[in-house]
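Work through these exercises with the model open. Each task is followed by its solution.

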Number of protein chains: 2
Amino acid sequence: MDERIHEHARILVEWSARIEAGDDVVVQVDEDAHELGVAVAAQLGEKGANPVTVYRSGEMERSYLSSHDGEFDQDPDHALSLYENADSVLSLRGGRNTSAMADVDGDIRQAYSKARMGVHEARLDTDWVATVHPNRSLAQQAGMAFEEYQEFAYAAILRDWESLAEEMQRMKEILDAGSEVRLVKESTDITMSIEDRIAVNSAASVAYDSHNLPSGEVFTAPYDTEGTVLFDVPMTLNGRHVRNARLTFEDGEVVDYAAEAGEAALAEVLDTDEGARRLGELGVGMNRGIDRFTDNILFDEKMGDTVHLALGRSYDSNVPEGETGNDSAVHVDLITDVSGDSRMEVDGEVVQRNGRFRWEVGFSESES
Amino acid sequence: MDERIHEHARILVEWSARIEAGDDVVVQVDEDAHELGVAVAAQLGEKGANPVTVYRSGEMERSYLSSHDGEFDQDPDHALSLYENADSVLSLRGGRNTSAMADVDGDIRQAYSKARMGVHEARLDTDWVATVHPNRSLAQQAGMAFEEYQEFAYAAILRDWESLAEEMQRMKEILDAGSEVRLVKESTDITMSIEDRIAVNSAASVAYDSHNLPSGEVFTAPYDTEGTVLFDVPMTLNGRHVRNARLTFEDGEVVDYAAEAGEAALAEVLDTDEGARRLGELGVGMNRGIDRFTDNILFDEKMGDTVHLALGRSYDSNVPEGETGNDSAVHVDLITDVSGDSRMEVDGEVVQRNGRFRWEVGFSESES
């Protein structure tokens, strides 16, 4: 077996999920994540943990949902108790066809999700971690050759997470102490308040309240946004391509928007509810292992030299007890490339210029 | 998808497991039983049952066990509660390599089995059914081409179970009413008592206390065996080929044995414990969909025109309340071919001669 798969499993079990002897673990294996499953099983054996392996098959789910009348029982006991009694859930994503459920009726899907809400919440109450096993289906989605995609994905996953976590801690401390963030680049000059908000150091470990491997971003929940921002990283929004979206904020709300492609998709998001016109997240990508955009948000938003803003719901972890963040049914991340001529300031001090952080070689205090 | 797979799934869910709306079902899918899993999921959706899908991978299990120190936790809560809360368990057997766990230490395997005894028992307390998805690995084990094996397996599985169950009921009634069974053929003249014992009509359905698909045998628990029997169907016993085993019984116990091949393997079984020298089962194969021996006990012992006797443990279902059957750590089925010159008598009346049952065309009361 490819040595990288073993290393991936080691990082997942040790760094990300912090599995210990006696832990009751659910391993969710997608149809084409078998090899990572084998490597994870070895790690769990070494730790003395107790795995139950669940099969996640898009084809089986499609088959089940398509023949069901849509009147689902609420949270069946056997499923609920499995997750309620689990300490950790490791999700090894990697199906054989990202469109495996393309023809399943949307209402049926939604009804099923609702009927499994308690199971879902029980899963979120564990030390869960989701990761991706780079396979051919995901390579195809990213528009890459298989080996090329493996190199891409493992560069993002097989990092020295401890030292990246230390670096990200600097950014967290700056954002925690700061009151106002300003981002300036081509067609962009936007400010937002982050006063009293708590930044999360998303270091791909449950110890950092971070549940994705790879990760590598620091994010907080901004408000009172003013100004204009250009999102020049292309993305797919509800199946439609969005390119060069531009948003203008006044008093924290979007008052104007445009896009070179996908403007209607953007409009739909903004019209969801009131909260969809306000920001729920400011995230700073810090994973330099990710070297290109693949239209997969799990990777794109973590990429070094990017900043993302999300319309909609904010995360509770960013908001102090007693306060409430932005509420919405949506959370849509939009990404801007800061590798070129750009600067991010916190309370007037430049923290990142042209992609370089202030603690990095090559950072310059002033423009020139 | 092959229409036979859908039909297999329908028989499994409707006839065998009797799944109803609201049933909480665990579906155990082996590595290479995916297609049957998809067809079963459709049946479960149609019924309105609630599946949780567990992945059974020999490679993952090998990997886990091989890296474990062997000090397993006893029956972890998440696994136990999953099966305790399940109404039914459907096991879809079909790995990719029947030797996937060949190099796992026997002591580790045993320790793991012991540590999961409660989980195992919780599974047996459900309406469980085990079946086989005919795949290439199983074809190879049977020494057949893949399509040939599919035809073989589906001929055994896709039967009119209702009418076979009715036919088998006749045999059950004869055995229930009978006191003594005598089997006579080449090198064989053996009698055993079945007085007060209860025959099971193993009709591949939980409604008949039968948990394998295919099935198709009627079995009971004999005792006080006398005489000699030749087992001329070849089999593999603990990895060793056994051919033409011959056992002689006195007062219910084996007093002499021989085999043309595998005599040592036979001796090991007989030496396990006291109960291993006595019979635990007499079974009459009645599934005429099975037309050849494949060295897979699930099929071989159900084949029409065969009778099998098992050394060792008897099943509780054959023994009336208050009585105890034969106790042993082993249960080893040995098969004799009754298609040729042979007869089985119950209380002196011929029930099967040269493979024909007394209610079948071609049966003759006397030799002639």
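**Exercise 1.** State how the copies meet.

Solution. Of the interface residues of chain A, 100% are also interface residues in chain B, so the copies meet through the same surface. Contact requires C-beta atoms, placed from the backbone, within 7 Å.

The model is predicted: local features need pLDDT of at least 70, side-chain atom pairs count only at pLDDT 80 or more, and totals for chains, interfaces and linings use all residues. Residues are numbered from 1 along each chain as its sequence is written, with chains lettered from A and ligands numbered from 1 in the order in which they are written.

**Exercise 2.** Find the operation that lays chain A on chain B.

Solution. Superpose by least squares on the C-alpha atoms of residues with pLDDT of at least 70 in both copies. The turn is 179° and the shift along the axis is 0.0 Å. The RMSD is 0.2 Å. That is therefore the relation of a two-fold axis.

**Exercise 3.** Describe how helix α2 of chain A packs with helix α3 of chain B.

Solution. Take residues 34–47 for α2(A) and residues 58–67 for α3(B). Their axes come within 7 Å and cross at roughly 25°. That makes α2(A) roughly parallel to α3(B) (angles under 35 degrees). Next, list the contact: α2(A) contributes residues including A:G37, A:V38 and A:A41, while α3(B) contributes B:E59, B:M60 and B:S63, among others. Finally, sort the contact residues: seven nonpolar, five polar and two charged.

Technical notes:
Axes fitted to C-alpha atoms, helices over the stretch in contact; angles between N-to-C directions. Helix = DSSP H or I, 4+ residues; strand = E, 2+ residues; numbered from the N terminus. Parallel < 35°, antiparallel > 145°, perpendicular 65-115°, else oblique. Contact = placed C-beta atoms within 7 Å. Nonpolar A, V, L, I, M, F, W, Y, C, P; charged D, E, K, R; others polar.
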